[in-house]
Amino acid sequence: MSKRHWPFLLGGLLVALLLAGVVSNYASSHPDGLDSSLLKGCTVNADDEITGGICPAQQAKDHELADSPLADYGVRGIGNDFLSTGLSGVLGVLLTFALGGGLFWLARRRGPATPAAPAGPAAPDTTTASADPADDAATPSTGTR
């Protein structure tokens, strides 16, 4: 990569980190459209617990990775919600950037391609004079080439 691309790349990374670390905290408190659509038909309280009605969310089970360190838009073990959400966004951006950068690095061009050698023996070149001057003298000339 040429040196003039680095400022653009680092600028984009900085913007992504800023959006993930700060602006993500001001996003909707109910970001999952799937969750809200599954609650249609049920009544819920302030803690989003189902208190009545019939809806598909009543059959929902916890995901296998629900106990992972970055589950539920936050970092487990950090008590401050603003910091936890921002940190999980920053970690997600850095992980995505590292994975994408690594894949692009593996797929990069490694230099000019070299032409392939002919598969069979090369045909003799009949347009050049032979190495023996006597052969040239024995060949009649028509005056044009």
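Here is a quick tour of this protein, from its overall layout down to a few residues in one loop and two helices. Keep in mind that the model is predicted. There are four helices and two strands in the protein, and along the sequence they come in the order α-α-β-β-α-α. Most of the detail below is about helices α1 and α3, plus the loop that leads into α3.

**The whole protein**

- The protein has 145 residues, and 11% of them are buried.
- Its accessible surface adds up to about 12,400 Å², and carbon and sulfur atoms hold 64% of that surface.
- Take the contacts between residues with a separation of 6 or more: 32% of them join residues 24 or more positions apart.

**Helix α1**

- Helix α1 covers residues 6-21.
- Its end C-alpha atoms sit 22 Å apart, which agrees with the 22 Å that its 16 residues should span at 1.5 Å a residue.
- Leu 13, Ala 20 and Gly 21 are the buried residues of α1. They are on the same side of α1, because they cover an arc of only 85° around the axis.
- Those buried residues pack against α3, which runs over residues 81-107.
- On the face turned away from the buried side, α1 carries the exposed residues Pro 7, Phe 8, Leu 14 and Leu 18.

**A nonpolar patch on the surface**

- Val 15, Leu 18, Leu 19, Val 22, Val 23, Tyr 26 and Phe 82 together make a nonpolar surface patch of about 690 Å².
- Helix α1 gives the largest share of this patch, with three residues.
- One of the patch residues is Leu 18, which lies in α1. Leu 18 has a relative accessible area of 54%, and the cut-off for exposed is over 50%, so Leu 18 counts as exposed.

**Helix α3**

- With 27 residues, α3 reaches 39 Å from its first C-alpha to its last. That is close to the 39 Å expected at 1.5 Å a residue.
- The buried residues of α3 are Ser 84, Gly 86, Ser 88, Gly 89 and Val 93.
- Helix α1 is part of what covers these buried residues. Seen from the other helix, the buried residues of α1 pack against α3.

**The loop before α3**

- Asp 72 is in the loop between β2 (residues 50-53) and α3, and Tyr 73 is found in the loop between β2 and α3 as well.
- Most residues other than glycine have a negative phi.
- Asp 72 is not a glycine, yet its phi is positive, at about 60°.
- Tyr 73, also a residue other than glycine, has a positive phi near 60°.
- Is Asp 72 buried or exposed? Asp 72 is exposed, since its relative accessibility is 71% and exposed means over 50%.

**Ser 84, where α3 meets the loop residues**

- Ser 84 lies in helix α3. Its relative accessibility is 6%, and buried means under 20%, so Ser 84 counts as buried.
- Which residues does Ser 84 contact, leaving aside its neighbours within four places in sequence? The contacts are Tyr 73, Gly 74, Val 75 and Ile 78.
- Ser 84 and Tyr 73 are eleven residues apart along the chain, and their C-alpha atoms are separated by 8.0 Å.
- So, to tie two topics together, Tyr 73 is both a loop residue with a positive phi and a contact of the buried Ser 84.

Key
Residues are numbered from 1 along each chain as its sequence is written. This is a predicted model: local features need pLDDT of at least 70, side-chain atom pairs count only at pLDDT 80 or more; totals for chains, interfaces and linings use all residues. Side-chain values use heavy atoms; hydrogens and water are left out. Buried means under 20% relative accessible area, exposed over 50%, partly exposed in between (1.4 Å probe, protein chains only). Contact means heavy atoms within 4.5 Å. Accessible areas come from the Shrake-Rupley method with a 1.4 Å probe; for residues, only the protein chains shown count as cover. Patches are made of residues with over 30% relative accessible area and no salt bridge: like charges are joined within 9 Å, nonpolar side chains (Val, Leu, Ile, Met, Phe, Trp, Tyr) within 5 Å. A salt bridge is a side-chain nitrogen of Lys or Arg within 4 Å of a carboxyl oxygen of Asp or Glu. The expected span of a helix is 1.5 Å times one less than its number of residues. The arc is that of the directions from the helix axis to the C-beta atoms.
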